[in-house]
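Subject: Structure for you to look at

Hello,

I am passing on a structure that you have not worked with before. Please open it alongside this email and follow the notes beneath it.

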Amino acid sequence: MVTGAVLPVGGEVHVTLVKAGRTKVRYPATVVHDDGVHAVVRALWARPTARDFGFVRFEPGDVFAEHYWRDRWYAVKEVRAGDGTVKGWYCDVTRPAEIGPDGIAVEDLDLDLWQSADGATVLRLDEDEFAQSGIEHRDPAAAARARQSLDTLEDLARAGRLGTL
């Protein structure tokens with residue numbers, strides 16, 4: 001969905017991630033770019049404690065440059081440690097972002113992808129959660145778009161293009 005509202009660079013907004021109709025997380029972010037289709041915000045790790053995923057550890061002080069599109073079924077987040085070192089890219093498969101004056105809202109469709117900073121590790125994540133979510137029966141068209149988006153993200157990662165979006 002493309003809306004007419006363009007977020008002002010330097011403005012503060014809230015990012016809301018919705019899953020199964022409920023707010024999963026909501027946090028403040030600063031607008032870095034918005035051209036009416038593609039918005040980029042910068043945010044700090046939204047939790048007060050670290051979270052170790054096994055393949056990466058997110059912790060207080062980490063900075064996320066988050067890319068959202070009004071016409072794509074995913075979001076790409078470049079993750080940097082507090083000292084500026086790139087940790088990698090975490091990608092969420094979502095419905096297109098709804099972006100308005102108060103911020104950005106996306107519906108998480110469970111599928112995710114991780115690419116390490118050196119590009120050596122590309123992981124498709126949470127395909128079991130996606131299968132269990134029931135979306136393939138409730139909304140087969142959205143499920144097909146979600147799977148296609150995960151494939152697109154994997155192709156971008158393997159081509160080394162996630163950092164150039």
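The notes below go through some strands, one buried residue, the aromatic rings and the backbone angles. Please keep in mind that this is a predicted model.

Strand S6 and its partners

A convenient place to begin is strand S6, which covers residues 63–69. Six of its seven residues are buried, so the strand is mostly covered. S6 has an antiparallel pairing with strand S3 (residues 38–44), made over seven bridges. Within that pairing, Arg42 stands opposite Ala65 of S6. S6 also pairs with strand S7, residues 74–80, again in the antiparallel sense and over six bridges. Here Val63 is found opposite Arg80 in S7. The two strands S6 and S7 make a hairpin, with four residues between them.

As background for reading strands like these, side chains in a regular strand alternate between the two faces of the sheet.

Val76

Val76 is a residue of strand S7. Its relative accessibility is 0%, and since buried means under 20%, Val76 counts as buried. What is Val76 in contact with, once its neighbours within four places in sequence are left aside? The contacts are Ala65, Glu66, His67, Trp69, Trp89, Tyr90, Cys91, Leu153, Leu162 and Leu165. There is also a long step in sequence to record: Val76 and Gly163 are 87 residues apart along the chain, while their C-alpha atoms are 9.1 Å apart in space.

Aromatic rings

The count of aromatic pairs comes to 11. One of them is Phe58 with Tyr90, whose ring centres are 6.1 Å apart. The planes of these two rings stand at 75°, so the pair is edge-to-face. This pair links distant parts of the chain, as Phe58 is in strand S5 (residues 57–58) and Tyr90 is in strand S8 (residues 86–94), 32 residues apart. Phe58 is buried, with a relative accessible area of 3%. Tyr90 also counts as buried, at 12% relative accessibility. Both residues belong to one aromatic cluster, formed by Trp45, Phe53, Phe55, Phe58, Phe64, Tyr90 and Trp114. Tyr90 has already appeared above among the contacts of Val76.

Strands S10 and S11, and positive phi

Strands S10 and S11 pair in the antiparallel sense over four bridges. In this pairing, Asp112 has Leu125 of S11 as its bridge partner. The hairpin of S10 and S11 has five residues between the strands, and Gly119 in that hairpin takes a positive phi near 80°.

Most residues other than glycine have a negative phi. Which phi does Asp110 have? Its value is near 80°, which is positive although the residue is not a glycine. Asp110 is placed in strand S10, residues 103–116. With a relative accessible area of 8%, Asp110 is buried.

Asp126 is a further case, with a positive phi of about 65° in a residue that is not a glycine. Where does Asp126 lie? It is in the loop between strand S11 (122–125) and helix H1 (127–133). Is Asp126 buried or partly exposed? Its relative accessible area is 23%, and because the buried class ends at 20%, Asp126 counts as partly exposed.

Those are the points I wanted to hand over.

Regards

Definitions and conventions:
Residues numbered from 1 in each chain as written. Predicted model: local features only at pLDDT ≥ 70, side-chain atom pairs only at ≥ 80, totals over all residues. Heavy atoms only, no water. Buried < 20%, exposed > 50% of the residue type's maximum accessible area, 1.4 Å probe, protein only. Pairing = 2+ DSSP bridges. Contact = heavy atoms within 4.5 Å. Phe/Tyr/Trp six-rings, centres within 6.5 Å; stacked < 30°, edge-to-face > 60°.
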